[in-house]
Amino acid sequence: MNSMGVSPHVNWLYSDLADGIVIFQLYDIIRPGVVDWKRVHSKFTKLKKFMEKLENCNYAVELGKQLKFSLVGIAGQDLAEGNSTLTLALIWQLMRAYTLSILTQLAESGSPIVEAEIITWVNTKLKEAKKSSSIKSFQDPSLQSAVAVIDLVDAIKPGTINYDVVKMTGDQEDNVANAKYAISMARKIGARIYALAEDICEVKPKMIMTVFSCLMARDYIPNMDAKKN
């Protein structure tokens with residue numbers, strides 16, 4: 001979430017979302033214009049703070065339902081109280097919607113781009129940059145070292161990666177260090193990645209897809225914008 005430029009900075013996932021402000025910003029990134037900011041309390045009065053936060057959270061749930069999220073059993077009060085399970089259920093669907101919005105932007109058809117197209121783009125980009133890494137799928141065991149992600153970041157913005165810090169041993173500890181470095185550098189070049197190092201090292205295909213799709217967006221969307229101009 002912090003990589004998406006929300007304010008204030010989120011330090012504690014549940015308590016920092018309890019007033020709804022960050023959630024509204026995420027909605028606005030995913031679907032620009034969907035939030036009616038006139039209904040949002042961005043500042044709270046001392047005597048009405050509790051009710052104003054609750055109204056925000058009720059509206060956050062309302063917007064989720066408007067976007068067809070599965071929010072059965074989730075109420076604004078759950079968010080306001082920092083219910084970890086139910087807040088996480090909403091956040092996960094927000095992140096999934098964000099990924100789908102990226103994939104839709106990347107496709108000219110108006111439908112989300114598919115896995116095979118992302119993999120083809122990754123391998124083409126790596127080959128053009130004369131990198132030795134490649135991927136077969138988002139379940140590819142070689143992804144656990146994070147080297148393919150690191151190489152892709154450097155392919156998108158040459159010179160970004162300091163290969164002296166990249167570990168090629170294959171040890172779990174080194175793989176985690178590589179993955180953390182990959183995510184850090186990807187965010188540094190502007191990719192809004194929300195996956196964790198563990199997602200890469202454990203080769204979680206859905207989360208790995210989000211990593212590559214966010215990098216693809218970082219590489220492609222600026223070019224697309226330039227074409228519009």
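Two residues are in contact when they have heavy atoms within 4.5 Å of each other. With that in mind, let's look at how the helices of this predicted model fit together.

**Where H5 meets H6**

On the H5 side, Trp121, Val122, Lys125 and Leu126 touch Ala148, Asp151, Leu152, Ala155 and Ile156 of H6. Sorted by class, this contact holds seven nonpolar and two charged residues, with no polar ones. Helix H5 (residues 115–128) packs on helix H6 (residues 147–156) at an angle of about 65°, and their axes lie 9 Å apart. Because angles from 65 to 115 degrees count as roughly perpendicular, H5 is roughly perpendicular to H6. The crossing of H5 past H6 is left-handed.

**The nonpolar core**

The largest nonpolar core takes in 76 residues, and those with the most contacts inside it are Met1, Ile23, Tyr27, Leu94, Ile193, Phe212 and Leu215. Several helices each supply at least two residues of this core, including those in the table. H4 gives the largest share, nine residues.

| Helix | Residues |
|---|---|
| H1 | 21–30 |
| H2 | 49–66 |
| H4 | 84–106 |
| H7 | 172–188 |
| H8 | 197–201 |
| H9 | 205–228 |

**H1, wrapped by its neighbours**

Eight of the ten residues of H1 are buried, so this helix is largely enclosed by the rest of the structure. The buried ones are Ile21, Val22, Ile23, Phe24, Gln25, Leu26, Tyr27 and Ile30. Their cover includes H2, helix H3 (76–80) and H4. Beyond its neighbours within four places in sequence, Ile23 is in contact with Leu17, Ala60, Leu79, Leu90, Ile91 and Leu94.

Definitions and conventions
Residues are numbered from 1 along each chain as its sequence is written. This is a predicted model: local features need pLDDT of at least 70, side-chain atom pairs count only at pLDDT 80 or more; totals for chains, interfaces and linings use all residues. Side-chain values use heavy atoms; hydrogens and water are left out. Axes are lines fitted to C-alpha atoms, for helices over the stretch in contact, and angles run from 0 to 180 degrees between N-to-C directions. Helices (H or I, at least four residues) and strands (E, at least two) are DSSP runs, numbered from the N terminus. Angles under 35 degrees count as roughly parallel, over 145 as roughly antiparallel, 65 to 115 as roughly perpendicular and the rest as oblique. A crossing is left-handed if the near helix is turned anticlockwise from the far one by less than a right angle, and right-handed if clockwise. Ala, Val, Leu, Ile, Met, Phe, Trp, Tyr, Cys and Pro count as nonpolar, Asp, Glu, Lys and Arg as charged, and the others, Gly among them, as polar. A nonpolar core is a set of buried Ala, Val, Leu, Ile, Met, Phe, Trp, Tyr and Cys residues joined through side-chain atoms within 4.5 Å. Buried means under 20% relative accessible area, exposed over 50%, partly exposed in between (1.4 Å probe, protein chains only).
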